[in-house]
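Student: I've got a model open and I'd like to know what stands behind the labels people put on it. Can we go through them one by one?

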Amino acid sequence: MKRFFFNIREGDELIEDPDGTLLSDLTSAISEANGAARELLAAEIRNGRSVDGRSIEIADETRTVVAVIALRSIVANE
């Protein structure tokens with residue numbers, strides 16, 4: 001198992017995941033991030049807020065960003 005961190009970025013602001021999540025591989029981490037992005041997207045829409053410029057950055061155990069999920073891409077994939 002590997003630890004992945006799911007940080008939320010909005011422009012220059014970064015909210016870091018302090019604990020991370022143990023997952024088997026990057027594919028599992030991307031799947032987890034997509035689910036989290038859908039939940040975040042739904043909450044933002046319910047509150048009438050824009051998701052432009054917001055993303056979830058997936059970082060590995062060294063805190064190196066290995067993938068980025070833009071919330072806007074979730075809308076395009078639905």
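Tutor: Sure, starting with aromatic pairs: rings of Phe, Tyr and Trp (its six-membered ring) pair if their centres lie within 6.5 Å, with planes under 30 degrees apart called stacked, over 60 edge-to-face and the rest tilted. By this rule the count here is 0 aromatic pairs. Some ground rules: this is a predicted model, where local features need pLDDT of at least 70 and side-chain atom pairs count only at pLDDT 80 or more, while totals for chains, interfaces and linings use all residues. Residues are numbered from 1 along each chain as its sequence is written, and side-chain values use heavy atoms, with hydrogens and water left out.

Student: What makes strand 4 count as largely enclosed?

Tutor: Strands (E, at least two residues) and helices (H or I, at least four) are DSSP runs, numbered from the N terminus. Buried means under 20% relative accessible area, exposed over 50%, and partly exposed in between (1.4 Å probe, protein chains only). In strand 4, 6 of the 6 residues are buried, so the rest of the structure largely encloses this strand. In a regular strand, side chains alternate between the two faces of the sheet. Here both faces are covered, with Arg54, Ile56 and Ile58 buried on one side and Ser55, Glu57 and Ala59 buried on the other.

Student: How do you know which strands strand 4 pairs with?

Tutor: Two strands pair if DSSP finds at least two bridges between them. Strand 1 (residues 2-10) and strand 4 share 6 bridges and run antiparallel. Strand 4 and strand 5 are joined by 5 bridges, also antiparallel. Both counts meet the cut-off. On the strand 5 side, Ile58 has Ala67 as its bridge partner, and Ser55 stands opposite Ala70.

Student: Why is the contact between Glu57 and Arg9 called a salt bridge?

Tutor: The rule asks for a side-chain nitrogen of Lys or Arg within 4 Å of a carboxyl oxygen of Asp or Glu. For Glu57 and Arg9, the closest N and O atoms are 2.6 Å apart, so the pair passes. Glu57 sits in strand 4 and Arg9 in strand 1, 48 residues apart. Glu57 counts as buried because its relative accessibility is 11%, whereas Arg9, at 24%, is partly exposed.

Student: And what makes Glu10 and Arg54 a salt bridge?

Tutor: Their closest N and O atoms are 3.3 Å apart, so they qualify too. That pair links strand 1 to strand 4 across 44 residues. Arg54 is buried at 13%, while Glu10 is partly exposed at 38%. In total, the count comes to 5 salt bridges.

Student: What's notable about the phi of Arg63?

Tutor: Most residues other than glycine have a negative phi. Arg63 is not a glycine, yet its phi is positive, about 70°. Strand 4 and strand 5 form a hairpin with 5 residues between them, and Arg63 is in the turn.

Student: How do you know that the charge of Arg63 sits over the ring of Phe5?

Tutor: The test wants NZ of Lys or CZ of Arg within 6 Å of the ring centre and within 35 degrees of the ring normal. The charged end of Arg63 sits over the Phe5 ring, 3.6 Å from its centre. Arg63 also forms a salt bridge with Glu16, with closest N and O atoms 3.6 Å apart. Since Arg63 has 36% relative accessibility, it counts as partly exposed.
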